[in-house]
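Me: I'd like a close look at one part of this model, namely the pockets. Could you come at them by way of the salt bridges and take your time?

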Amino acid sequence: MSFQFSNRVPKSDSDPVGDILKVAGSPDIISFAGGLPAPELFPVEALKQAADKVFDKNGRSALQYASAIGNPDLRNQITQRMNRQGINCDVDNIMITTGSQQSIDLTAKMFVNPGDTVIVEKPTYLCALDVFKSYGAHIVGVEMDDDGMKMADLQQAVADNPNTKFIYTIPNFQNPTGRTMTAERRQQMVEIANKADIMIMEDDPYGAIRFAGDDIEPVKYYDTEDRVIYLSTFSKILAPGLRLGWMVMNKDLMPKYSLMKQSADVHSDNLTQYIVAQFMADNDIDDHISKIRNVYRQREKVMMAAIEKSFPAGVHYSHPQGGLFIWVEVPGDIDTIELFKTCVGHNVAFVPGEPFYPDKVTPGTFRLNFSNMSEDQIKVGIKRLGDAIKETIGVGQRAKVTEQS
């Protein structure tokens, strides 16, 4: 039997990232590959207590069908958090989603026709790229530096692509680079979008996990025309298995988003929404987030010190002030997949940079995660990684000498 798949389905079943994560999952390998929060920080007991209260007080309601836009108590609590972060909104601006991934998917489905342009940071979140490709988007990458997306390049990309539907940005502790966009550039991005009359999708899963430097207002804080769609999630501040995220949007968009949400999954898990709302009513979530920050701050310090000690000269790496990731750039024409294989031989793993690029790939790039390994594992793993990089660079240099002789 032949299957007549739509054009949205990838032609190949190849899943290079999945294959890498399977290899990285070996018990002998210290893996910095997954973007995983530390499971020992999940508030298991507090969530259990919240769940018990929900079943005692609201069991029947929590197990029933519900509104597509989400639990009103949870939306109210999110509204309060958003206002404290500088996003002026009320409950009618908030919709609950099944994680940020659904927010990305719904927005792309809402706005992108085949051939429309989506402008992204280069590199960017690989699963967002997969979503945009599935809807036939023409994806344009804009170069970054340590201060985020370059605004002159963004201005040119918008001018070159008049069919642009939206700009997708991760301004805080970006995935995969760990970089943070400056306040000045955030304001400039909004000005560019206003002038071109295009939307901005601001993806902010990591913003609450700042452990160094000063807070910067969201891009939406500078939004003078209500064109920024803000996304966030409980995955990094509570637990990813909850699969709950939220969107802040122009109220005029809510009816359309509600219809799209209903057609996708009717509503996000109602019981989980009740439990999270109860957790937030009973606990200071900011106190919990502070504990996460403290652990990640220390693990990032340990990883940075190990990198400085073990990596060869000339290797560049980002210096995140929060989030989960460090981005590494090895000089020369290093084949990152070959470097990955060498690292696996040294029992250490990372995610190669290739899947994060919308177009031409910068060789020798890869992402490290520091949140999900103990300090001792970080020290040992980075030492192994440094040895593998030195070995790979040495092989490359010997090969060049052989070619020239």
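Reply: A search of the whole structure turns up 20 salt bridges (a side-chain nitrogen of Lys or Arg within 4 Å of a carboxyl oxygen of Asp or Glu). Keep in mind that this is a predicted model: local features need pLDDT of at least 70 and side-chain atom pairs pLDDT 80 or more, while totals for chains, interfaces and linings use all residues. Numbering runs from 1 along each chain as its sequence is written, and side-chain values use heavy atoms, without hydrogens or water.

One of those bridges pairs Asp90 with Lys251, whose closest N and O atoms are 2.8 Å apart. Asp90 is in the loop between H3 and strand S2 (94–97), and Lys251 is in the loop between strand S9 (245–248) and helix H8 (254–265), so this pair ties together parts 161 residues apart in sequence. Helices (H or I, at least four residues) and strands (E, at least two) are DSSP runs, numbered from the N terminus.

Now zoom out to the domains, whose bounds come from an automatic or database assignment. Domain 1 comes in two stretches, 16–42 + 287–397, and domain 2 covers 44–282. Their C-alpha centres are 26 Å apart. Between domain 1 and domain 2 there are 2 salt bridges. Look also at Lys122 and Asp359, whose side chains meet in a salt bridge at 2.9 Å, N to O.

That brings us to the largest pocket, with about 580 Å³ of space in it. Its lining is made up of 27 residues, and those closest to its centre are Gly35, Tyr125, Asn175, Tyr206 and Lys236. Where does the largest pocket lie? Domain 1 and domain 2 both give residues to its lining, so the largest pocket lies between them. Helix H1 (16–24), helix H4 (99–111) and helix H5 (126–134) each supply at least two of the lining residues, and H4 gives the most, with 3.

A pocket here is an open set of 1 Å grid points, over the protein atoms alone, where a 1.4 Å probe fits, with protein on both sides within 12 Å along at least five of seven lines; in a cavity the probe cannot get out, and lining residues have an atom within 4 Å of a point. Points join across faces, edges and corners, and a volume is the space filled by probe spheres set on them.

The second largest pocket has a volume of about 450 Å³. Arg81, Gln85, Gly207, Ala208 and Asp215 are the closest to its centre among the 24 residues lining it. Helix H3 (72–84), strand S8 (228–233) and helix H10 (285–310) are the elements that put two or more residues into that lining. So much for H3 here; you met the loop after H3 above, as the home of Asp90.

There's also closed space to check: the count is 1 cavity of 30 Å³ or more, and about 30 Å³ of space lies in the largest cavity. Pro37, Ala38, Leu41 and Phe42 line the largest cavity, along with Lys236, Leu238, Ile292 and Tyr296. Spot the familiar name there: Lys236 lines the largest cavity, and Lys236 is also listed among the residues closest to the centre of the largest pocket.
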